[in-house]
Amino acid sequence: MKFHSSIGPNPRIVRMFMAERGIEIATVKVNLPKGDNRREPYLSINPAGQMPALELDDGSVVTEVVAICEYLDEVAAGPRLMGETAEARAQVRRWTRWVDLNVMEPMFNAYRFGDGLEFFKLRARCIPEASEGLKASVQDKLTWLDAQMTNRPYVAGKAFSLADILLFCAQSFGNDVARQPLRAELRTLSAWFERVAARPSAAA
């Protein structure tokens, strides 16, 4: 297999997942700032021009970070981050989807439409007037999640999972790049973030 990676939170999710699972795959670095993801040879791998992509041994390609991580979780030996039972997997998928829809997408779009507009305006359709509303929506959802996690250590329950990796990488991007830092008054999430940041995989 071959992993096509770049800067940015989405490729980092897969790298952190692989580090957590002990998976090593040959990696090709794509220069995202220069737009190499929007031209050949990368477009022959992923016509959508999005990062990252996992190229399988037979030449087929898996894109989208959740799909890539789920595939790797199934084919790699060892304890799974998606859960060992049908119910556990359903709960991880439930919370992974929640993080994706309610935190990642609005946070990233708020950045693309606002603080990152100069970079993204020629690469995607941007809606500048939506940026502040999306930021507010993210904060509403994080406030809700902070209360939900009072009695559990991780996003999906007792076990560290893909849902935690998505939220951690998204919030790291919010803290460091997107000008959407984790608010100190969200004490449960702040403590959770520090625990996850201490994991070796967080350096991936």
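**Close-up views of a predicted model**

**View 1. Helix 4 passes helix 7 in a left-handed crossing.** The contact draws on both helices of this predicted model. From helix 4 it includes Val92, Trp95, Thr96, Val99, Asp100, Val103, Met104, Met107, Phe108 and Tyr111. From helix 7 the contributing residues are Leu162, Ala163, Leu166, Leu167, Ala170, Gln171, Phe173 and Gly174. By character, the residues of this contact between helix 4 and helix 7 comprise 14 nonpolar, three polar and one charged.

**View 2. The axes of helix 4 and helix 7 cross at roughly 15°.** A pair of packed helices is described by the angle between their axes and by the distance between the axes. Here, helix 4 spans residues 86–113 and helix 7 spans residues 162–176, and their axes come within 8 Å. Because angles under 35 degrees count as roughly parallel, helix 4 is roughly parallel to helix 7.

**View 3. Four strands form an open sheet with mixed pairing.** The strands lie in the order 2-1-3-4. Strand 2 (26–29) and strand 4 (61–63) stand at the edges; each has a single partner strand, so one side of each lacks a neighbour in the sheet. From one strand to the next, the twist averages 25°.

**View 4. Strand 3 and strand 4 run antiparallel.** Three bridges join strand 3, residues 53–55, to strand 4. Within this pair, Ala53 stands opposite Thr63 of strand 4. Helix 3, residues 65–75, packs on the sheet and touches both strand 3 and strand 4. The direction of helix 3 makes about 125° with that of strand 4.

Key
Residues numbered from 1 in each chain as written. Predicted model: local features only at pLDDT ≥ 70, side-chain atom pairs only at ≥ 80, totals over all residues. Heavy atoms only, no water. Pairing = 2+ DSSP bridges. Helix = DSSP H or I, 4+ residues; strand = E, 2+ residues; numbered from the N terminus. Axes fitted to C-alpha atoms, helices over the stretch in contact; angles between N-to-C directions. Contact = heavy atoms within 4.5 Å. Parallel < 35°, antiparallel > 145°, perpendicular 65-115°, else oblique. Left-handed = near helix turned anticlockwise from the far one by under 90°. Nonpolar A, V, L, I, M, F, W, Y, C, P; charged D, E, K, R; others polar.
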